[in-house]
Every structure is written in structure tokens, then in C-alpha cells.
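Work through the exercises below with the model open. Try each task before reading its solution.

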Amino acid sequence: MGTTALAVELLVIGYQALIWLVLLTCLMFNISGETVLQELKEWKEVVVVGSVVVAYTVGAVVNGIVAKIMEKREVWVHQRVQRQQNLQEPRPVPSIMRAAILVKNPDVYKPVIQNLDIPKVLRSTIFNILLIGVFATIHASSQSTALITAPAVAFCFIIATGLSVWAWFEMAENYYIHLCATYDEVLRNMK
């Protein structure tokens, strides 16, 4: 994976996480959203530059935590793909397949890794949207002048989280299908 792709991936994840972290901070210290927005507008240049650094760091942390949480789900998707393909012998774990592809045909490795980017971002997006929804719902329920009611906010974020789970599952399954096929083809061409 290129350094630029990794940086963009971590920034996307980090900015998503910053939303729920700001909401959590507002709830913990009883700060109104309007106050935060006004302060951010006054310091917009500093916020833009500083947020990149913070978002990158938070993105790396959140991505690592979510990767550990989703590890068993990803193994399940990988095993499901193998069952669907009626493979005679099971394939190794994805990291071993990627390593074998890199060693045996480095030219094929780059597209394989690029196909992993979207499932990784979606994996973290599931948890970020869920947490944004939880804290936005709590925030909406605590605001008597909220334009949108807490149940409406919760409903929207439940739908968004469900769509993120579905998108992650489809993209992860697609990735493992292509990873297995690429692995098999690379091994077949080496014989």
C-alpha cells in the first residue's frame, strides 16, 4: 500500500472519530454544540492544521482497535468464502496469502493490497458511525431546542450503521474472493 493511500485512509477514519470525540467531550463537560462551532470558526486556520495531525493519530489508534475487535468477523468472512468456493483444501490465512503473492509475483501484489483499503475504512466506519449516533442521540435528547428529536437521530444512525455493516461485509467478501483467486493463480503459474 502506498504511503499516500495509508495517510488518506487514516485521515478519513480519524476525522470520523473526531466527530464522536467532540460530541463526547461536549456531553462530558456540558458544552453546547454552538459554542464549539463558534470557537472552531474563530481558530479555523489553527484547527485545520492541527486537526490533520490529530486525525491521523486518532485514525491510527481507532483503526488498530477496530481491527482487533473485527478480527473474528473477518476470519468468519474468509472461511465463508472458502466454503462457498468448495475448495478441496483450505487456503492459508490472508496475511500468508498476501506474503506468498508478494514473494512470487510482486507486480500482482499492489492491486491485491489496494482492494483491501475499502474494507479497512468501512470496518472503522461501522464503529465511528455507531459512536457518532450514540453521542448525537444523547446530545439531541439533552437539548430542549433541538431541531431533530433524539429518536429520529437514533433511527438515522441505526440505518447508517446497518448500511456500513452491509457494505463492509460485501467489500470484505469480494476482497477475499479475489485474494483466494489471485493466490491460486500465482501458485499455478509458479508450477
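Three exercises on this predicted model follow, each with a worked solution.

**Exercise 1. An aromatic pair**

Task: Classify the pairing of W76 and F169, and say which helices hold the two residues.

Solution:
- Start with the count. The model has three aromatic pairs.
- W76 and F169 form one of them, with ring centres 5.9 Å apart. That passes, because the cut-off is 6.5 Å.
- Next, the planes. The angle between them is 35 degrees. Stacked needs under 30 degrees and edge-to-face over 60, so this pair is tilted.
- Now place the residues. W76 belongs to helix α3 (residues 44–84), while F169 belongs to helix α6 (residues 150–190). The pair therefore ties together parts that are 93 residues apart in sequence.
- Check the exposure. W76 has a relative accessible area of 33%, so W76 is partly exposed. F169 has 17%, so F169 is buried.
- Finally, look over the face of W76. R73 lies there, at 5.2 Å from the ring centre.

**Exercise 2. Two helices crossing**

Task: Describe how α4 and α6 cross, and list the residues that meet.

Solution:
- Two packed helices are described by the angle between their axes and the distance between the axes.
- Take the distance. The axes of α4 (residues 94–104) and α6 come within 10 Å.
- Take the angle. The axes cross at roughly 40 degrees. That makes α4 oblique to α6.
- Add the hand. The crossing of α4 and α6 is left-handed.
- List the contacts. From α4 come P94, M97, R98, A100, I101 and K104. From α6 come Y175, Y176, L179, C180, T182, Y183, V186, L187 and M190.

**Exercise 3. Two residues, two settings**

Task: Are G59 and T161 buried or exposed, and what does each touch beyond its sequence neighbours?

Solution:
- Locate G59 first. G59 sits in helix α3.
- The relative accessible area of G59 is 0%, so G59 is buried.
- Set aside neighbours within four places in sequence. G59 then contacts L10, I13 and G14.
- Move to T161. T161 sits in helix α6.
- T161 has a relative accessible area of 12%. This is under 20%, so T161 is buried.
- Again leave out residues up to four places away in sequence. T161 touches I126, I129 and L130.
- Last, the separation. G59 and T161 are 102 residues apart along the chain, and their C-alpha atoms are separated by 18 Å.

Methods:
Residues are numbered from 1 along each chain as its sequence is written. This is a predicted model: local features need pLDDT of at least 70, side-chain atom pairs count only at pLDDT 80 or more; totals for chains, interfaces and linings use all residues. Side-chain values use heavy atoms; hydrogens and water are left out. Rings of Phe, Tyr and Trp (its six-membered ring) pair if their centres lie within 6.5 Å; planes under 30 degrees apart count as stacked, over 60 as edge-to-face and the rest as tilted. Helices (H or I, at least four residues) and strands (E, at least two) are DSSP runs, numbered from the N terminus. Buried means under 20% relative accessible area, exposed over 50%, partly exposed in between (1.4 Å probe, protein chains only). A charge sits over a ring if NZ of Lys or CZ of Arg is within 6 Å of the ring centre and within 35 degrees of the ring normal. Axes are lines fitted to C-alpha atoms, for helices over the stretch in contact, and angles run from 0 to 180 degrees between N-to-C directions. Angles under 35 degrees count as roughly parallel, over 145 as roughly antiparallel, 65 to 115 as roughly perpendicular and the rest as oblique. A crossing is left-handed if the near helix is turned anticlockwise from the far one by less than a right angle, and right-handed if clockwise. Contact means heavy atoms within 4.5 Å.
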